[in-house]
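I opened this model to look up how its helices are packed and what its cysteines are doing. My entries follow in the order in which I looked.

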Amino acid sequence: MKSYGQFCSMARALDLLGERWTLLIVRELLCGSRRFGEVQRGIPRISRTMLSARFRELADAGALERPAGDAGPEYRLTPAGLE
């Protein structure tokens with residue numbers, strides 16, 4: 001992941017959200033998508049590999065959580081991700 005090398009909150013947010021596809025993933029989650037396939041249908045040109053990588057980056061940054069739902073894993077923005 002590229003970095004601006006700054007330690008202010010705006011630069012750190014851009015380090016995470018400035019990557020390709022990331023804001024579109026956040027958009028899908030804000031619009032109610034919860035499952036991997038739902039997010040992928042909302043962004044049809046993203047590859048499964050890229051979507052998995054972006055989910056991992058968002059989760060590692062604390063912006064996304066992956067609770068187990070009744071029908072498998074779900075993805076949700078954390079309070080930090082919502083901010």
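**Helix H4**

I looked up the buried residues of H4 (buried being under 20% relative accessible area, exposed over 50% and partly exposed in between, with a 1.4 Å probe and protein chains only) and found Leu-51, Ala-53, Arg-54, Phe-55 and Leu-58. I note that this is a predicted model, in which local features need pLDDT of at least 70, side-chain atom pairs count only at pLDDT 80 or more, and totals for chains, interfaces and linings use all residues. Residues are numbered from 1 along each chain as its sequence is written, and side-chain values use heavy atoms, with hydrogens and water left out.

Helices (H or I, at least four residues) and strands (E, at least two) are DSSP runs, numbered from the N terminus. The buried residues of H4 pack against helix H1 (9-17), helix H2 (22-30), helix H3 (36-42) and strand S1 (64-65), contact meaning heavy atoms within 4.5 Å. Just after H4, I found Gly-62 with a positive phi of about 85°.

**Helix H2**

For H2 I listed Thr-22, Ile-25, Val-26, Glu-28 and Leu-29 as buried. Seen down the axis of H2, these residues fall within an arc of 160° (taken from the directions from the helix axis to the C-beta atoms), so they line one face of the helix. The face turned away from that buried side carries the exposed Leu-23 and Leu-30.

**Cysteines**

I counted zero disulfides, a disulfide being a pair of cysteine sulfur atoms within 2.5 Å. Cys-8 is partly exposed at 42% relative accessible area, whereas Cys-31, at 64%, counts as exposed.
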